[in-house]
Amino acid sequence: MTDDCIFCKIIEGEIPSHKVYEDDKMIAFLDVNPVSKGHTLVVPKKHVENIHEAEGMNYLFDGLVEVSNAVKEAFDAEGVNIAQNNGEKAGQEVFHLHFHITPIYEGNELDITYNRTELDEGEEVAEEIQKRL
Ligand code: AMP
Ligand code: ZN
């Protein structure tokens, strides 16, 4: 529990949420400002800031799969996006690790625009990442 963390407060039951799942390690609840009906957040109970502190938290993936299935089925979504922001510049607003599950419905596709380029210096780029693993 971190005192000024809104998700820790939700986990502790100090502020309300629309909970859809809970076990001893994680919780899932509706996003208060959904981008589509059923937008759900999957959140570990352990307070870590973001993905860079999430080593050993593999259980989150199982939870993500289960909750994604439920979200997709609930309102017969056409597809589901999973998003996860790390750092202010990457759009993170709540600094307690979380995954967004956003169902996509026909006629309500999210506008996610990436400016794609051609891969350049693939070998060097891959090597820079590879040598850190
Ligand atoms: P991010 O930008 O990835 O950090 O996303 C934070 C998300 O948390 C946003 O989509 C907010 O709408 C959501 N959020 C913030 N406060 C609450 C809350 N009290 N209950 C549910 N969702 C919240
Ligand atoms: Zn927290």
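These exercises walk through one predicted model, each with a worked solution.

Before starting, note that residues are numbered from 1 along each chain as its sequence is written, and that chains are lettered from A and ligands numbered from 1 in the order in which they are written. In this predicted model, local features need pLDDT of at least 70 and side-chain atom pairs count only at pLDDT 80 or more, while totals for chains, interfaces and linings use all residues; side-chain values use heavy atoms, with hydrogens and water left out.

**Exercise 1. The overall fold**

Work out how many helices and strands the protein chain has, and in what order its elements run.

Solution. Start with the assignment rule: helices (H or I, at least four residues) and strands (E, at least two) are DSSP runs, numbered from the N terminus. The protein chain has 3 helices and 5 strands. Read from the N terminus, their order is α-β-β-β-α-β-β-α. Next, look at the dimensions: the C-alpha trace spans about 50 × 40 × 25 Å along its principal axes. Then turn to contacts, meaning heavy atoms within 4.5 Å. Among contacts with a separation of 6 or more, 52% join residues 24 or more positions apart.

**Exercise 2. Inside and outside**

Find what share of the protein chain is buried, and how much area the chain exposes.

Solution. The classes come first: buried means under 20% relative accessible area, exposed over 50%, and partly exposed in between (1.4 Å probe, protein chains only). Of the 133 residues in the protein chain, 31% are buried. The accessible area comes from the Shrake-Rupley method with a 1.4 Å probe, and for residues only the protein chains shown count as cover. The chain exposes about 9,500 Å², and carbon and sulfur atoms supply 48% of that area.

**Exercise 3. The nonpolar cores**

Identify the residues that touch the most other members of the largest nonpolar core, and the element that gives the most to it.

Solution. A nonpolar core is a set of buried Ala, Val, Leu, Ile, Met, Phe, Trp, Tyr and Cys residues joined through side-chain atoms within 4.5 Å. The largest one has 13 residues, and Val42, Leu60, Val67, Leu97, Phe99 and Ile101 touch the most other members. Two or more residues come from each of β2 (26-30), α2 (59-74) and β5 (99-104). Helix α2 gives the most, with 4 residues. Now zoom in on Val42: beyond four places in sequence, its contacts include Met26, Ala28, Leu64, Val67, His98 and Ile101. Apart from this core lies another, of 9 residues, among them Cys8, Ile11, Phe29 and Leu41. As background, nonpolar side chains tend to be buried together in soluble globular proteins.

**Exercise 4. One residue in α2**

Is Val71 buried or exposed, and which residues does Val71 contact?

Solution. Place Val71 first: this residue sits in helix α2. Its relative accessibility is 8%, so Val71 counts as buried. Leaving aside neighbours within four places in sequence, Val71 touches Gly38, Thr40, Ile101 and Pro103. For a distance check, Asn108 is 37 residues from Val71 in sequence and 16 Å away in space, C-alpha to C-alpha.

**Exercise 5. Salt bridges**

How many salt bridges does the whole structure hold, and which residues does Glu128 pair with?

Solution. A salt bridge is a side-chain nitrogen of Lys or Arg within 4 Å of a carboxyl oxygen of Asp or Glu. The search finds 4 of them. Glu128 pairs with Lys131, with the closest N and O atoms 2.9 Å apart, and with Arg132, where the closest N and O atoms are 3.0 Å apart. Glu128 is partly exposed at 37%, Lys131 is exposed at 53%, and Arg132 is exposed at 62%. Elsewhere, Lys19 bridges to Glu22 with a closest N and O separation of 2.6 Å. Lys19, Glu22 and Lys45 are linked in a salt-bridge network.

**Exercise 6. Cysteines**

Count the disulfides, then say whether Cys5 and Cys8 are buried or exposed.

Solution. A disulfide is a pair of cysteine sulfur atoms within 2.5 Å. The structure holds 0 of them. Cys5 is buried, at 6% relative accessible area, and Cys8 is buried too, at 2%.
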